[in-house]
Amino acid sequence: MSRVAYVNGRYVPHSRACVHIEDRGYQFSDGVYEVCEVRGGHLVDERRHLERLVRSLKELRMDMPMALAPMRVVLRETVARNRVSDGIAYLQVTRGVARRDHAFPPPGTRPSFVVTARSIDRARQETAAEDGVAVVTVPDNRWERVDIKTVSLLPNVMARQAAREQGAREAWFVDSKGMVTEGSSSNAWIVTNDGLVVTRPAERGILKGITRTVVLEIAAAQGLRVEERGFSVDEAKTAKEAFMTAASQIVMPVIAIDGSRIGNGAPGPVARELRARFHKIAEIAS
Ligand code: PMP
């Protein structure tokens, strides 16, 4: 089936979808994005993703490309036109097209708005979750505003490539104090030997993941003891369990960090249970 993309007001064949060479996203990474899971053809946690988009835009003093109601229509239409049942919807907003100049373009420059959607092989994802995945650690060399979901992802690209070259699925960033911040496109978690679920607070050094927010709710509802605090690489390596969260992966058990086996080297019960419960708590859009 041929794919379709939404680009600045039009649905166009994916293979011919393009933006101008002086788009500020292309030239300066001057843009933000969101990735939303699609399940059974429906957007998961759309409300929270759009709230975070509004926040990202505001932090960068960028305009909304359109109001939220038509944006929701475009998202649904793109998912439908691509016949995505299980997959992801991607949306990106940039500060628009203008003659190259670092400072903001003239007032009235229209933001660029692109939406794509694609299927994900759910069976493969489930197999990965049943087997668990490996992560490696890399120094966190990003700017301080990682709370903004910007398309400026070069450190994340380099980190993920390093992981791939070492046969791992994800790279966990580590700050100058040896504390894990987050993954290149996921949040990082551990379960300590006395059953405490630990993830770094969202105030500093990480993106406040939507999946993270929902998983915190699920953990609380399950009566698990949760602590939002930093954890070191050493603590993670001796933890009972480790896992990561992201809209595209839900809860993905981690069974090795830098080659050190976590727990007994298999996905742990806490991560498995949180994964199993996720879609009972997440908001599924109509
Ligand atoms: N951290 C980073 C750096 C990410 O790119 C992502 C994925 N967008 C996440 C965390 C997880 O966020 P979410 O659960 O909203 O997908």
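# Exercises on a predicted chain

The mean positions of the 42 positive and 35 negative charges of the chain lie 4 Å apart. The model under study is predicted. Each exercise below states a task and then works through a solution.

## Exercise 1: The chain as a whole

Task: Determine how the radius of gyration of the chain agrees with that of a compact globule of 286 residues.

Solution.
1. For 286 residues, a compact globule would be expected to have a radius of gyration near 19 Å.
2. The chain has a radius of gyration of 19 Å, which agrees with that expectation.
3. Taken along the principal axes, the box filled by the C-alpha atoms is roughly 55 × 40 × 35 Å.
4. Of the 286 residues, 49% count as buried.
5. The accessible surface is about 14,000 Å², and carbon and sulfur atoms contribute 51% of this surface.
6. Among contacts with a separation of 6 or more, 71% come from residues 24 or more positions apart.

## Exercise 2: The order of strands in a sheet

Task: The chain has 8 helices and 15 strands. Identify the order of the 6 strands that form an open sheet, and name the edge strands.

Solution.
1. Begin with S1 and S6, which run antiparallel and are joined by 2 bridges. In this pair, Val 7 stands opposite Val 114 of S6.
2. Continue from S6 to strand S5 (residues 87–94); these two pair in the antiparallel sense over 8 bridges. Here Tyr 90 faces Thr 116 in S6.
3. Pass from S5 to strand S3 (residues 31–39), to which S5 is joined by 8 bridges, again antiparallel. Tyr 33 has Gln 92 in S5 opposite to it.
4. From S3, 2 bridges lead to the antiparallel strand S4. The bridge partner of Val 38 in S4 is Leu 43.
5. The complete order is S2-S1-S6-S5-S3-S4, with antiparallel pairing in an open sheet.
6. The edge strands are S2 and S4 (42–43), each of which pairs on one side only.

## Exercise 3: Enclosed strands and a hairpin

Task: Explain why S3 and S6 are described as largely enclosed by the rest of the structure, and describe the connection between S3 and S4.

Solution.
1. A residue is buried when its relative accessible area is under 20%.
2. In S3, 8 of the 9 residues are buried, so this strand is largely enclosed by the rest of the structure.
3. In strand S6 (residues 112–119), 6 of the 8 residues are buried, so S6 is likewise largely enclosed.
4. S3 and S4 form a hairpin with 2 residues between them. Gly 40, in the turn, has a positive phi of about 60 degrees.

## Exercise 4: Positive phi outside glycine

Task: Locate Asn 8 and Arg 61, and classify the exposure of Asn 8 and of Arg 61.

Solution.
1. Most residues other than glycine have a negative phi.
2. Asn 8 has a positive phi, near 45 degrees. Its place is the loop between strand S1 (4–7) and strand S2 (10–13).
3. The relative accessibility of Asn 8 is 32%, and Asn 8 therefore counts as partly exposed.
4. Phi of Arg 61 is also positive, near 50 degrees. Arg 61 belongs to the loop between helix H2 (46–59) and helix H3 (68–81).
5. With a relative accessible area of 63%, Arg 61 is exposed; the cut-off for this class is over 50%.

## Exercise 5: The surroundings of Val 84

Task: Decide whether Val 84 is buried or exposed, and list the residues that Val 84 touches.

Solution.
1. Val 84 lies in the loop between H3 and S5.
2. Its relative accessible area is 5% and Val 84 is therefore buried.
3. Leaving aside residues up to four places away in sequence, Val 84 touches Val 38, Gly 41, Val 79, Ala 117, Arg 118 and Ser 119.
4. One of these, Val 38, is the residue whose bridge partner in S4 is Leu 43.
5. Thr 181 is 97 residues from Val 84 along the chain, and the C-alpha atoms of the two are separated by 32 Å.

Key: Residues numbered from 1 in each chain as written. Predicted model: local features only at pLDDT ≥ 70, side-chain atom pairs only at ≥ 80, totals over all residues. Heavy atoms only, no water. Helix = DSSP H or I, 4+ residues; strand = E, 2+ residues; numbered from the N terminus. Rg over C-alpha atoms; globule rule 2.2 N^0.38 Å. Buried < 20%, exposed > 50% of the residue type's maximum accessible area, 1.4 Å probe, protein only. Contact = heavy atoms within 4.5 Å. Areas by Shrake-Rupley, 256 points an atom, 1.4 Å probe, with all protein chains shown as cover. Lys, Arg positive; Asp, Glu negative; His and termini not counted. Charge placed at Lys NZ, Arg CZ, Asp CG, Glu CD. Pairing = 2+ DSSP bridges.
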